[in-house]
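Ready for a few warm-up exercises? Take a look at the model below, then try each task before you read its solution.

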Amino acid sequence: MQMSHETRVGGLGAAVRELLTAREVQEMLHIDRSTVYRMAEDGRLPSIRVGSQWRFPAAQISALLSDGGRTETSPAAPDPAAAQSAIDVAADLLGVMMVVTDMSGRPVTDIANPCPWFREHRDDPDVMNSCLTEWRQLADLDDLQPRFQPSALGFECARSFIRSGNSLVGMVLAGGIEPPNTSHDGLFELDPAERDRVLAALPKIAASLTRTVPTDGAPEKEKP
């Protein structure tokens, strides 16, 4: 039986009404827009791509609300001891400072190989607050590729995500790096090849830490 034009239009309209925009989800869950996009990207929110836009099934979002919004909880977190051991070695080799955080930007390790400027200012509450804010912002960026980003403290940072299955559960960050064509006392000065080496290493470090994140109660087995 052929569907009438009115039926097709009516059905399409109903389907569209069953999908929410990012702004509607933001208002329902009381979270910022970047968090909506990040949760869609890493699979914590049910979503579909419509062209270049995210859309969200209304019934499933409502179900999340009735479930107490437990999707904000990370399914796992990087193992602090394993993460600290990894970045202690990597930070020295790469000539940068490094830290591992959860997806809220909270550190789960100490800062490895701090640059001289940071060692001098690390006890300043304003410096740490600025770091925590920027780490959170780095977690919210949609771009999954490691790239150097300027910080309010005058140096550059880059990050790569740590995963558990299809979810993002943490970040490994490199920082304390002097921006190109500038001169700042106390920062790590890297030439172009060394900067490329940092960006290439971050996903590998993150992948190694992914294998320490418990999945179904046990660390992921290393592939042969």
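**Exercise 1.** What covers the buried residues of α3?

*Solution.* Keep in mind that you're looking at a predicted model. Start by finding helix α3, which runs over residues 33-41. Next, pick out its buried residues: T35, V36, R38, M39 and A40. Now look at what lies against them: the cover includes α2 (22-29), β3 (53-57) and α7 (125-140).

**Exercise 2.** Work out how the protein chain is built overall, and what share of its residues is buried.

*Solution.* Begin with the secondary structure, which comes to eight helices and nine strands. Then turn to burial: of the 224 residues, 40% are buried. Contacts come next. Among those with a separation of 6 or more, 53% are between residues 24 or more positions apart. Finish with the outside: the accessible surface is about 12400 Å², and carbon and sulfur atoms own 52% of that.

**Exercise 3.** Find out which residues of the largest nonpolar core touch the most other members, and which element gives the most to this core.

*Solution.* This core has 24 residues, and the ones touching the most other members are V96, M98, V172, V198 and I205. Next, see where the core comes from: α5 (80-94), β4 (97-102), β6, β7 (167-177) and α8 (192-210) each supply at least two residues. The top giver is α8, with six residues. Now zoom in on V96. Skip its neighbours within four places in sequence, and you'll find it in contact with A91, A112, N113, A174, G175, I177, F188, L190 and V198. There's also a second, separate core of 20 residues, with V99, C115, W117 and M171 among them.

**Exercise 4.** Track down the aromatic pair and decide: is it stacked or edge-to-face?

*Solution.* You only have to look for one pair, as the structure holds one. Its partners are W117 and F155, with ring centres 6.1 Å apart and 70° between the planes. Angles over 60 degrees count as edge-to-face, so that's what this pair is. Now place the partners along the chain: W117 sits in helix α6 (residues 116-121), while F155 is in the loop between β5 (149-150) and β6 (156-164). They're 38 residues apart, so the pair links distant parts of the chain. Last step: check burial, and you'll see that W117 and F155 are both buried.

**Exercise 5.** Which residue lies over the face of F148?

*Solution.* Go to the ring of F148 and look above its face. There you'll meet R195, at 4.3 Å from the ring centre.

How values were computed: Residues are numbered from 1 along each chain as its sequence is written. This is a predicted model: local features need pLDDT of at least 70, side-chain atom pairs count only at pLDDT 80 or more; totals for chains, interfaces and linings use all residues. Side-chain values use heavy atoms; hydrogens and water are left out. Rings of Phe, Tyr and Trp (its six-membered ring) pair if their centres lie within 6.5 Å; planes under 30 degrees apart count as stacked, over 60 as edge-to-face and the rest as tilted. Helices (H or I, at least four residues) and strands (E, at least two) are DSSP runs, numbered from the N terminus. Buried means under 20% relative accessible area, exposed over 50%, partly exposed in between (1.4 Å probe, protein chains only). A charge sits over a ring if NZ of Lys or CZ of Arg is within 6 Å of the ring centre and within 35 degrees of the ring normal. Contact means heavy atoms within 4.5 Å. Accessible areas come from the Shrake-Rupley method with a 1.4 Å probe; for residues, only the protein chains shown count as cover. A nonpolar core is a set of buried Ala, Val, Leu, Ile, Met, Phe, Trp, Tyr and Cys residues joined through side-chain atoms within 4.5 Å.
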